[in-house]
Amino acid sequence: MTIGEVAARSGVAVSALRYYEAEGLVSCERTPGGARRFPRSVLRRLAFIRAAQNVGLTLPEIRAALGTLPEGRTPTARDWARLSAGWRARLDEQIAALVQLRDGLSACIGCGCLSLSTCVLSNPGDRVAAQGPGARGLSPALRRVPATSNAGGAAARAG
C-alpha cells in the first residue's frame with residue numbers, strides 16, 4: 001500500500017506515518033524511485049499504536065511492546081491479547097482517577113468556594129509550586145504528558 005492509501009485507510013496522517021517509521025514503530029519497503037510501500041499488516045500495527053496511546057503508553061513503551069511481536073508473520077489475536085494484558089491495571093488506575101476527578105468537580109466547581117479552608121483548588125501563596133510543574137492536584141494517572149508532546153522540552157533546555 002502507498003503511504004497515502006495507508007493514511008486514508010487508517011486515519012493516521014501521512015506526517016505521523018513518516019514519524020512512526022523514523023521511530024521504528026512501522027516499517028515499509030522502498031520502490032526503486034524511493035516511494036514507500038507498506039504491507040497491509042501495518043494497519044493492525046497502527047490500530048495497536050492508537051489504542052496504546054489512548055491507554056497512555058508512551059512511544060518508547062509502544063516500541064518495546066511491538067518489539068515483542070513475531071517478525072515475518074502478521075500477529076495473531078493471541079499475540080495481541082498477550083501484549084495488551086498488562087494494560088488492564090493502567091486502565092483501572094485511569095478510570096479511578098477520572099471518577100475521582102468527576103466527583104470532585106461536581107462537588108467543588110460552581111460551589112462559590114464558601115470555605116476556602118476546605119477547597120481542594122485553593123492554593124494560597126502558590127505553595128503547590130514546590131511539588132513541581134503541572135496540575136499537581138490531579139491524580140498522576142491524569143498528569144501524564146503525551147509521548148508526542150513537546151511539553152517540558154523548553155524547561156528542560158532552559159534548566
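**Helix faces and packing in the predicted model**

In the predicted model, the exposed residues A77 and R78 lie on the face of helix α5 that is turned away from its buried side. Helix α5 spans residues 77-84, and its buried residues are D79, W80 and L83. These three residues cover an arc of only 95 degrees around the axis, which places them on the same side of α5. An α-helix has 3.6 residues a turn, so residues three or four places apart point the same way.

A one-sided arrangement is also found in helix α4. Here L59, I62, A65 and L66 are buried. The arc covered by these residues around the axis is only 120 degrees, so they fall on the same side of α4. The buried residues of α4 pack against three helices, namely α2 (14-22), α3 and α5.

The pairing of α4 with α3 can be described further. Two packed helices are described by the angle between their axes and the distance between the axes. For α3 (residues 42-55) and α4 (residues 59-66), the axes come within 10 Å and cross at roughly 140 degrees. An angle over 145 degrees would count as roughly antiparallel; the crossing of α3 and α4 is therefore oblique. The crossing in which α3 passes α4 is right-handed. On the α3 side, the contact is made by R45, F48, I49, A52 and Q53, which meet L59, I62, A65 and L66 of α4. By class, this contact between α3 and α4 comprises seven nonpolar residues, one polar residue and one charged residue. The α4 residues in this contact, L59, I62, A65 and L66, are also the ones listed above as buried in that helix.

Helix α1, at residues 3-10, has I3, V6, A7 and S10 as buried residues. Since the arc that they cover around the axis is only 100 degrees, these residues sit on the same side of α1. The face of α1 turned away from this buried side carries A8 and R9, both of which are exposed. Packing of the buried residues of α1 involves α2, the strand β2 (36-37) and α3. Helix α2 is thus a packing partner for the buried residues of α1 and for those of α4, and α3 likewise packs against the buried residues of α1 and of α4. Just after α1, G11 adopts a positive phi of about 80 degrees.

Notes: Residues numbered from 1 in each chain as written. Predicted model: local features only at pLDDT ≥ 70, side-chain atom pairs only at ≥ 80, totals over all residues. Heavy atoms only, no water. Axes fitted to C-alpha atoms, helices over the stretch in contact; angles between N-to-C directions. Helix = DSSP H or I, 4+ residues; strand = E, 2+ residues; numbered from the N terminus. Parallel < 35°, antiparallel > 145°, perpendicular 65-115°, else oblique. Left-handed = near helix turned anticlockwise from the far one by under 90°. Contact = heavy atoms within 4.5 Å. Nonpolar A, V, L, I, M, F, W, Y, C, P; charged D, E, K, R; others polar. Buried < 20%, exposed > 50% of the residue type's maximum accessible area, 1.4 Å probe, protein only. Arc of directions from axis to C-beta.
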